[in-house]
Amino acid sequence: MKKFFLSLVLAGFVSQAAAQTETSEERFGVWFPFQLLPNLSLYSSSPLSGFGFEWEFTPVLYTFGMNKQISPWYAFIVEPTARFTGSIELVVAGQLFTTKMGRSYFAASGHLMGTIPLVERGEHLTLNLGIGAYRIADQTRIFKVAGISTLFGMVHFNLKHGENPTTWIISLEFRIF
Amino acid sequence: MNRLASTRWHVVSLLRCFVVTFNSSASSGESVCFDCLSSEDRFPQRQSRNDTSFFLFRWLVVSLLLLNGCGGYIQRMVTRSLERIGEPVESAPMMISTPVLDNPPLAISWVGHATVLVQIRDKVFITDPLFTDYIGMVVKRYVGPGLDPSLLPRIDFTLISHIHMDHFSFGSLDMLPKNGTLVIPQGLLRYTPDFGFRGLKELKPWESIEEDGVRVTAVPVQHFSGRYGIDNAWLGQKGYTGYVFEYAGTTVFVGGDTGYHPELFKEIGRRFPIDVALLPIAPGSLTNLGGRVHVGPLGALTIMQDLGAAYMVPMHHRTMFYGSDSNPTQAIESLRSLAAQMGLSDRIIDLDIGEQRVLRLNSEGLPAGLP
């Protein structure tokens, strides 16, 4: 599992070389603090349910909806247009789940997410489909992801489903670049 | 009122705002669910939408807009639009039936907002095409476009002045014919989907392209950047521009969206002999030159004089709520009054939405006056 996440991060750095070159320190300095704002999620997994925070990053994204004069590869800082006009991305995330009993669990996940534009080239509405692996309490679980995004690719409502035991995670995510 | 009822009213109002705002197909303006809950018996304290009911949603929108680096005028545009949800968009007073004419010397049609169709001989230009009812999902236009884009057989140059959603509308660009070149300001390539235009060119300030006898030059104006919030912080002066396009001896300036600058427009006027300037006249002060990023009527007239333009076409008014206007026609009425006081009335091509005007030429082939 560690190798998997390490390879994801490595893929991000490698793709950075092929991605856009506009990234600057100033750009990073503005972008990074916003990534620290967690997404909110609710989960239900018999016999537990609770509330969670999630921090997401995109090591690499390939867009197929943008003009051909720019590279389709992005790393970490992703213009919303590149994502919502149609894309496939690797998403790595850290989660903090809390239960009603007051216990907290840390989890890590990696997702392969596809974004399909539906309205106004995706700026108003997209369909999101994906699959991912969660590492929680020394177990690795596979989740299927489906959802929609709206408001210029900034607000995402995703439903994640895993088996053994059946687990549902409803997440309201805010991605700002 | 008791606290519980008040809380319920705010919650339901917020839900109603979300439901009707994000359901653009709602024609009645009242969602069924909300109607179930909104009887006067349940909510006797209900007053106008202006006061209580939109408070929470306004707070959310303002927070987003502050994050987006936008001023209060956009907030007012949004809240004014929310009040008009469910109301139909007013039809344009006129409709352009033949957008592309047979080789006119110079034809100018105002489609609404900053969308102007210009034809010089056999070349057709359109600026900042906007044909959708909603801009940025929540700002609603008052008056519909004065042109059905499906009537356009071709567009040689589509000029995008800047990154904001009322000037760079994805849905509207999808409605245009793709047999021409899409011209965008520096910084917009990373925001431009693959629309399928025959050509796509990003221009830096003072950079030109020449195609088939047409020269299009990006010229600096004074506005602000950013489309999705924090990008305003790093785009800086990228993402907005004006244009000058020249063909067959005729030169047209496109202001896009701009504030007044005491040197900028004089410099453009020194470099180009401007025949016609397409200039925004709102939102901006009715009594002075306007703010840093927008001009009002006086600012626009001053820009016309600084450019040395023979004529001016006022645009960027009436189509939606512009924040500083107490009524949609205030800006153009103010422009007419000021132009009369300054002796400039005969240099204003005062088009209504959907109106097309053909200018005749003098002996040197230059625009010689209004028909």
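The questions and answers below go through a predicted model with chains A and B.

Me: What is the mean pLDDT of chain A, and which stretch has a pLDDT below 50?
Reply: In chain A, 84% of the residues reach a pLDDT of 70 or more, and the mean is 83. Beyond near neighbours in sequence, the stretch with pLDDT below 50 has 26 contacts in the model. The mean is therefore 83, and the stretch below 50 is residues 8–22 of chain A.

Me: How many helices and strands does chain A have, and what pattern does the chain follow?
Reply: Chain A has 3 helices and 9 strands. Read along the sequence, the pattern is α-α-β-β-β-α-β-β-β-β-β-β.

Me: What percentage of the residues in chain A is buried, and what percentage in chain B?
Reply: Chain A has 177 residues, of which 36% are buried. Chain B has 371 residues, with 10 helices and 16 strands. The buried part of chain B is 48%.

Me: In each chain, what percentage of contacts between residues at least 6 apart in sequence joins residues at least 24 apart?
Reply: The count takes contacts between residues at least 6 apart in sequence. In chain A, 51% of these join residues at least 24 apart. In chain B, the corresponding value is 66%.

Me: How many residues does each chain give to the contact, and which elements of chain B give two or more?
Reply: Chain A gives 27 residues and chain B gives 16 residues. The side of chain B that touches chain A divides into 11 nonpolar, 3 polar and 2 charged residues. The elements of chain B that give two or more residues to this side are helix H6 (170–175) and helix H7 (231–235).

Me: Where in chain B is Leu176(B), and why does it count as buried?
Reply: Leu176(B) is found in the loop between H6 and strand E7 (181–185) of chain B. A residue is buried if 20 or more other C-beta atoms lie within 10 Å of its own. Leu176(B) counts as buried because its C-beta neighbours inside 10 Å number 20.

Me: Which residues is Leu176(B) in contact with, leaving aside neighbours within four places in sequence, and what separates its C-alpha atom from that of Pro129(B)?
Reply: The residues in contact with Leu176(B) are Pro129(B), Pro149(B), Leu152(B), Ile155(B) and Thr158(B). Pro129(B) is 47 residues from Leu176(B) along the chain. The C-alpha atoms of these two residues are separated by 8.5 Å.

Me: Why is E7(B) largely enclosed by the rest of the structure, and which residues cover each face?
Reply: E7(B) is largely enclosed because 5 of its 5 residues are buried. On one side the buried residues are Thr181(B), Val183(B) and Pro185(B). On the other side they are Leu182(B) and Ile184(B).

Me: Which strands pair with E7(B), and which bridge partners does Leu182(B) have in them?
Reply: Strand E6 (residues 157–159) of chain B pairs with E7(B) in the parallel sense over 3 bridges, and E6(B), H6(B) and E7(B) make a right-handed β-α-β unit. Strand E8 (residues 199–203) of chain B runs parallel to E7(B) and is joined to it by 5 bridges. The bridge partners of Leu182(B) are Thr158(B) and, in E8(B), Leu200(B).

Me: In what order do the 6 strands of the open sheet in chain B lie, and which are the edge strands?
Reply: The order is E9-E10-E11-E12-E13-E14, and the pairing is mixed. The twist averages 15° from one strand to the next. Each edge strand pairs on one side only, and these strands are E9 (208–211) and E14 (311–315) of chain B.

Me: Is E13(B) enclosed or open, and which helices make β-α-β units with it?
Reply: E13(B) is largely enclosed by the rest of the structure, because 5 of its 5 residues are buried. E13(B) pairs in the parallel sense with E12(B) over 3 bridges and runs parallel to E14(B), joined by 5 bridges. E12(B) and E13(B) make a right-handed β-α-β unit with helix H8 (residues 264–271) of chain B, and E13(B) and E14(B) make one with helix H9 (residues 297–307) of chain B.

Me: Which residues stand opposite Leu278(B) and Ala277(B)?
Reply: Both are buried, with Leu278(B) on one side of E13(B) and Ala277(B) on the other. Leu278(B) stands opposite Val254(B), and Ala277(B) stands opposite Met312(B).

How values were computed: Residues numbered from 1 in each chain as written. Chains lettered and ligands numbered in written order. Predicted model: local features only at pLDDT ≥ 70, side-chain atom pairs only at ≥ 80, totals over all residues. Contact = placed C-beta atoms within 7 Å. Helix = DSSP H or I, 4+ residues; strand = E, 2+ residues; numbered from the N terminus. Nonpolar A, V, L, I, M, F, W, Y, C, P; charged D, E, K, R; others polar. Buried ≥ 20, exposed ≤ 12 C-beta atoms within 10 Å, placed from the backbone. pLDDT = per-residue confidence, 0-100. Pairing = 2+ DSSP bridges. Axes fitted to C-alpha atoms, helices over the stretch in contact; angles between N-to-C directions. Right-handed = clockwise from strand over helix to strand, strands pointing away.
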